[in-house]
Amino acid sequence: MTARLPRVVVHDVDQHGVATYARDVADAIADAGFSDLAVLRGELASLAVGTPLHLQFTDRLWAGSPEDAATIVTRLAAQHPLSVTFHDVPQPSDGERNLPRRLACYRAVARSAVGVVVNSRHEAELLREHDVRAERVGVIPLPVDLAAGGEPHATHASVGVLGFFYPGKGHDEALRAAAGAGIGSLSILGRASDGHAADLEAFVRGAASQGVAVEVTGYLDDGELLRRCRTTGVPVVAHRHVSASGSLGSWIAAGRRPVASANRYIAEMAALRPGTVTVADPEALTSAVGRAAQHPESTWLSTATVPHGRRDVAEAYLDWWAGLAW
């Protein structure tokens, strides 16, 4: 197996969740006792032709357009056998213009790879539903390890949404829930996604008209993000369309039990890590947020460990690569 371990491609990019995860996977494997498999994307040209590679892939990380991302990766596949983890799997929320473009990209990358990993069975179903075919598909959920010192802190009377702001991320739903529950503060723990600054400004104005003050923290480093996760009143995860959610994992890692709108992915994660999510029907999100505000103890985990952490992910990738026809 060791002779066929791929190099894990990492990126010299800040503030991008998929780039951060690529490095985390490489580091987790090294921490599991294997050599450092990481190779910078800018150093790929120095590798011998035929060196196996693993990519963490979303078109937005690899290029400025789905078409260019597909070209880059398929050309890479002509030189190296590729295993690929898909993120941001295409779905209807991409819109009428972008969905066909992104599907064409992911189909081309899937065809070029010896195997494709997704982070949930939900995403595997999305691939099947949209006819994105791969030689082999595996499921390796995103890891969650509880951070140290997760005892309940004094919290602000606010609703919190974690991660980049963009339409469909669940901010509108969280705002309606906050306003309906009589909570006058909403914290966005992050910044606007590229190209969505104007959308964020409009959101803040609209929230004010509903009596809800919005705080936008901007990008937070790991330490400050952990602190803010532990001082926010009611953590909310309310994506309209979700593939896999790093923000859900970040809330749980901070010791919080977020209120989450029910969907196929949330149900899968609630089953993987029982007791870590308060699942609410989308129509009942306001009442669920109100109950959480009245009972803040319900927003904290009562367990010292959760299933499927960083070590599990490292071992899952090693097993996955061992079964591929490189």
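Asp88 sits in the loop that joins β4 (82–86) to α4. In this predicted model, its phi is positive, at about 50°, even though Asp88 is not a glycine. With a relative accessible area of 30%, Asp88 is partly exposed. Asp131 is another residue of this kind: its phi is near 60°, again a positive value outside glycine. Here the setting is the loop between α5 (121–129) and β6 (137–139). Asp131 has a relative accessibility of 39% and therefore counts as partly exposed, since that class runs between the 20% and 50% cut-offs.

Next come the aromatic side chains. The model holds five aromatic pairs. One of them joins Phe57 and Tyr106 in an edge-to-face arrangement, with 5.3 Å from centre to centre and 70° between the planes. That angle earns the edge-to-face label because the cut-off is over 60 degrees. Phe57 belongs to strand β3 (residues 53–57) and Tyr106 to helix α4 (residues 95–112), so this contact ties together parts of the chain that are 49 residues apart in sequence. Phe57 and Tyr106 are both buried. Add Phe86 to Phe57 and Tyr106, and the three make up one aromatic cluster. A ring also features in a contact with a charge: the charged end of Arg256 sits over the ring of Trp300, at 4.2 Å from the ring centre.

Helix α3 (residues 66–77) is pretty much by the book in its length. Its twelve residues reach 16 Å from the first C-alpha to the last, close to the 16 Å expected at 1.5 Å a residue. Which residues of α3 are buried? They are Pro66, Ala69, Ala70, Val73 and Leu76. Looking down the axis of α3, these buried residues fall within an arc of 130°, so they line one face of the helix. The spacing has a simple background: an α-helix has 3.6 residues a turn, so residues three or four places apart point the same way.

Finally, there is a piece of parallel sheet. Strand β8 (residues 185–189) pairs with strand β9 (residues 213–216) in the parallel sense, over four bridges. Within this pairing, Ile188 of the one strand stands opposite Val216 in β9. To get from β8 to β9, the chain passes through helix α7 (residues 197–209), and the resulting β-α-β crossover is right-handed.

Key: Residues are numbered from 1 along each chain as its sequence is written. This is a predicted model: local features need pLDDT of at least 70, side-chain atom pairs count only at pLDDT 80 or more; totals for chains, interfaces and linings use all residues. Side-chain values use heavy atoms; hydrogens and water are left out. Two strands pair if DSSP finds at least two bridges between them. Helices (H or I, at least four residues) and strands (E, at least two) are DSSP runs, numbered from the N terminus. A crossover is right-handed if, with the strands pointing away from the viewer, the path from the first strand over the helix to the second runs clockwise. Rings of Phe, Tyr and Trp (its six-membered ring) pair if their centres lie within 6.5 Å; planes under 30 degrees apart count as stacked, over 60 as edge-to-face and the rest as tilted. Buried means under 20% relative accessible area, exposed over 50%, partly exposed in between (1.4 Å probe, protein chains only). A charge sits over a ring if NZ of Lys or CZ of Arg is within 6 Å of the ring centre and within 35 degrees of the ring normal. The expected span of a helix is 1.5 Å times one less than its number of residues. The arc is that of the directions from the helix axis to the C-beta atoms.
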